[in-house]
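Please open the model in your viewer and keep the sequence panel beside it. The tour below goes from one selection to the next and says what is there each time.

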Amino acid sequence: MGRNKDDFIKATGGFRFGEPPEAFKKRVEKIQTLETLFKSGTLDFDELELVQRQICELKGIDFDGPDDD
């Protein structure tokens with residue numbers, strides 16, 4: 001189960017306790033939209049950071065927290 005589970009969590013942030021399936025679907029769609037925008041090459045530095053912060057928030061990642069090594 002290892003790699004597929006890790007990929008799923010990395011891509012979606014995983015399931016949230018009490019999150020309805022429709023809300024999960026919308027959150028994942030928003031993540032995918034933001035990741036496409038991030039990779040588009042059309043954003044300036046400030047916009048890139050804003051999009052990164054939004055992606056991290058949707059995935060449950062503390063953007064300003066310490067990096068895990």
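Begin by selecting K59, which has a relative accessibility of 14% and counts as buried, because buried residues are those under 20%. Bear in mind as you look that this is a predicted model. Now add E35 to the selection: K59 and E35 form a salt bridge, and their closest N and O atoms are 2.9 Å apart. The two partners sit in separate helices, K59 in helix α3 (residues 45–59) and E35 in helix α2 (residues 21–39), so this pair ties together parts that are 24 residues apart in sequence. Is E35 buried, or is E35 partly exposed? With a relative accessible area of 23%, E35 is partly exposed.

Before going on, zoom out until the whole chain is in view. The protein has 3 helices and 0 strands, and reading along the sequence gives the pattern α-α-α. Along the principal axes, the C-alpha atoms fill a box of roughly 35 × 30 × 20 Å. If you switch on the surface, you are looking at about 5,700 Å² of accessible area, of which 55% belongs to carbon and sulfur atoms. Of the 69 residues in the protein, 20% count as buried.

Next, colour the charged side chains. The protein has 11 positive and 16 negative side chains, and the centres of these two sets lie 8 Å apart. How many salt bridges does a search of the whole structure find? The search finds 4 of them, and K59 with E35 is one that you have already visited.

For another salt bridge, select R27 and E19, whose side chains meet with an N to O distance of 2.9 Å. R27 counts as buried, at 6% relative accessibility, whereas E19, at 21% relative accessibility, counts as partly exposed.

Then move to helix α3 and select R53 together with E49, whose side chains meet in a salt bridge of 3.0 Å, taken from N to O. Because R53 and E49 are 4 residues apart in helix α3, they are separated by about one helical turn. Both residues can be checked on the surface, where R53 is partly exposed with a relative accessible area of 32%, and E49 is also partly exposed, with a relative accessible area of 26%. Keep these two selected and add D64, since salt bridges that share partners join E49, R53 and D64 into one network.

The last stop is for the aromatic rings, where the count comes to 3 aromatic pairs. Select F8 and F15 to begin with: their ring centres are 5.2 Å apart and their planes stand at 45 degrees, so this pair is tilted. F8 counts as partly exposed at 31% relative accessibility, while F15 is exposed, with a relative accessible area of 64%. Now keep F15 and add F24, and you will find another tilted aromatic pair, with 4.7 Å from centre to centre and 40 degrees between the planes. Is F24 buried or exposed? F24 counts as buried, at 14% relative accessibility. To finish, show F8, F15 and F24 at once, for these residues form one aromatic cluster, in which F15 is exposed and F24 is buried.

Key: Residues are numbered from 1 along each chain as its sequence is written. This is a predicted model: local features need pLDDT of at least 70, side-chain atom pairs count only at pLDDT 80 or more; totals for chains, interfaces and linings use all residues. Side-chain values use heavy atoms; hydrogens and water are left out. Helices (H or I, at least four residues) and strands (E, at least two) are DSSP runs, numbered from the N terminus. Buried means under 20% relative accessible area, exposed over 50%, partly exposed in between (1.4 Å probe, protein chains only). Accessible areas come from the Shrake-Rupley method with a 1.4 Å probe; for residues, only the protein chains shown count as cover. Lys and Arg count as positive and Asp and Glu as negative; His and the chain ends are not counted. The place of a charge is taken as NZ of Lys, CZ of Arg, CG of Asp or CD of Glu. Rings of Phe, Tyr and Trp (its six-membered ring) pair if their centres lie within 6.5 Å; planes under 30 degrees apart count as stacked, over 60 as edge-to-face and the rest as tilted.
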